[in-house]
Amino acid sequence: MRRSLGLLAAWGLGLGLMGGCVSTEVEAEESSPREPLVRQLGRADEAFNGRAYRQALDMYSALYLAALSGGYDDLAAEAAAQAAAINALQDDPEESDRWMSFAARYAEDEGDGARSRVMLARGVRQWKRGQSGEALDTFEALVELCGDNGLEVRAMQGASLCALVTEGEAQLDWSLKAIDICQGQEQPRWESALWSNHGWLLEARGEFSDASRCFERARQLLSEGSASTMERLQADWALGRSLRLSGQLAESRMFLEQADLRGRELYAANPAARQAEWLGRAWWELGELEAVEGRDDKARALLQSARRKLLEAGVADAAPELLRRLDARLAALGPR
């Protein structure tokens, strides 16, 4: 689950927003029969962005048929490409292949909007098959196509996904390129997600002070938009964790205690798995802080509470490695 948090969820801008924005950039027709279909595509994209994949797949499938019946091959191609991507992400390669064949067929000669969405889905499919080199080639070509044709949002998504499938300094370069493109979009929540991406990359290299500055910027940007309580909790948690790792303990505690308060508030309002997970994460980090400051009993109690919340969230099945790491930390603290 840590990789999911640090990379895949942090790359939500690439995967989570891969559906949206380009159609609205290229649509200029008023009061045409295609307008309801464009709005339907937007609603499906919103479901996808929220990771409601089953709902999004149903919506894209319905849109595909409606677009074909109306003669709008470009919208049919976009819907089919999204269906192909969802099935790839859900490890159903046969269905993904079927939808991709539709997408490729109807995207032909239908302009850069449809073509770019199909390219993005192709890269996701390559990445899921473990073909990182091919995926990188596809995403690089996507960035070039979109940059040349004024599709900045998709260029930004492509650059973010280039960072996902490459390594080393190139990964940092692509991450910064995505940020650079995003800064012209006046979308603080998107830019916040990208700065979080960059922070996780730096943390993975042990560059904790630089990572904390990225997480601080991400948190500041969230305050400029309509961030949810969960998003603010996650921003507090990431910054607090990073500050702990860089040795700034007093500052770390301030943000982790805010994460704890937000986590308790969310869990009290809705004791669901996601709320339990993030409350557990906040307690784990506070426990690590107590351990660093030499209060092993408090650390052990917090980590045990964190373990109960993470079990409640289902990590034993969804992320057993996370549970093993927590158990290793408890073992290192020793018995009470």
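# A guided tour of an all-in-one-chain predicted model

Buried residues, meaning those under 20% relative accessible area, with exposed ones over 50% and partly exposed ones in between (1.4 Å probe, protein chains only), make up 53% of the 336 residues in the protein chain. This is a predicted model, in which local features need pLDDT of at least 70 and side-chain atom pairs count only at pLDDT 80 or more, while totals for chains, interfaces and linings use all residues. Residues are numbered from 1 along each chain as its sequence is written, and side-chain values use heavy atoms, with hydrogens and water left out.

## The whole chain

Begin with the protein chain in a cartoon view, where the secondary structure comes to 19 helices and 0 strands; helices (H or I, at least four residues) and strands (E, at least two) are DSSP runs, numbered from the N terminus. Along its principal axes, the C-alpha trace of the chain spans about 70 × 40 × 35 Å. The radius of gyration of the protein chain, taken over C-alpha atoms, is 21 Å, which agrees with the value near 20 Å for a compact globule of 336 residues; the globule rule is 2.2 Å times the number of residues to the power 0.38.

Contact here means heavy atoms within 4.5 Å, and among the contacts in the protein chain with a separation of 6 or more, 63% are accounted for by residues 24 or more positions apart. If you switch to a surface view, the accessible surface of the protein chain comes to about 14800 Å², of which 47% belongs to carbon and sulfur atoms; such areas come from the Shrake-Rupley method with a 1.4 Å probe.

## Salt bridges

Next, show the charged side chains, for a search of the whole structure finds 27 salt bridges, each being a side-chain nitrogen of Lys or Arg within 4 Å of a carboxyl oxygen of Asp or Glu. Select E231 and R189, which form one of these salt bridges, with the closest N and O atoms 2.4 Å apart. E231 lies in helix α14 (residues 229–245) and R189 in helix α12 (residues 188–204), so this pair ties together parts that are 42 residues apart in sequence. E231 is partly exposed at 21% relative accessibility, and R189 is also partly exposed, with a relative accessible area of 36%.

Move on to helix α15 (residues 249–269), where D260 and R264 lie 4 residues apart, about one turn of the helix, and where their side chains meet in a salt bridge (2.9 Å, N to O). Which of the two labels, buried or exposed, fits D260? At 11% relative accessibility D260 counts as buried, whereas R264 is partly exposed at 45%.

Then select helix α17 (residues 296–312), in which E312 and K309 are 3 residues apart and separated by about one helical turn. The closest N and O atoms of their salt bridge are 3.3 Å apart; E312 counts as partly exposed at 38% relative accessibility, and K309 counts as buried at 13%. After this pair, select R253, E257, E290, E293 and R295 together, since salt bridges that share partners join these residues into one network.

## Three buried residues

Return to helix α12 and select H198, which has its place there and is buried at 6% relative accessibility. What does H198 touch, not counting residues up to four places away in sequence? The residues to display around H198 are L172, S175, L176, I179 and C214.

L57, in helix α5 (residues 53–70), is buried with a relative accessible area of 7%. Leaving aside neighbours within four places in sequence, L57 is in contact with A83, I86 and N87, and a C-alpha to C-alpha distance drawn from L57 to A47, 10 residues apart in sequence, comes to 8.9 Å.

In helix α13 (residues 208–222) select S212, which is buried with a relative accessible area of 4%. With neighbours within four places in sequence again left aside, S212 is in contact with L239, S242, L243, S246 and Q248.

## Two loop residues

Most residues other than glycine have a negative phi. End the tour at D91, in the loop between α6 (73–89) and α7 (93–107), where phi is near 60°, a positive value, and where the residue counts as exposed at 56% relative accessibility. E186, in the loop between α11 (168–182) and α12, has a phi near 55°, also positive, and is exposed at 72% relative accessibility.
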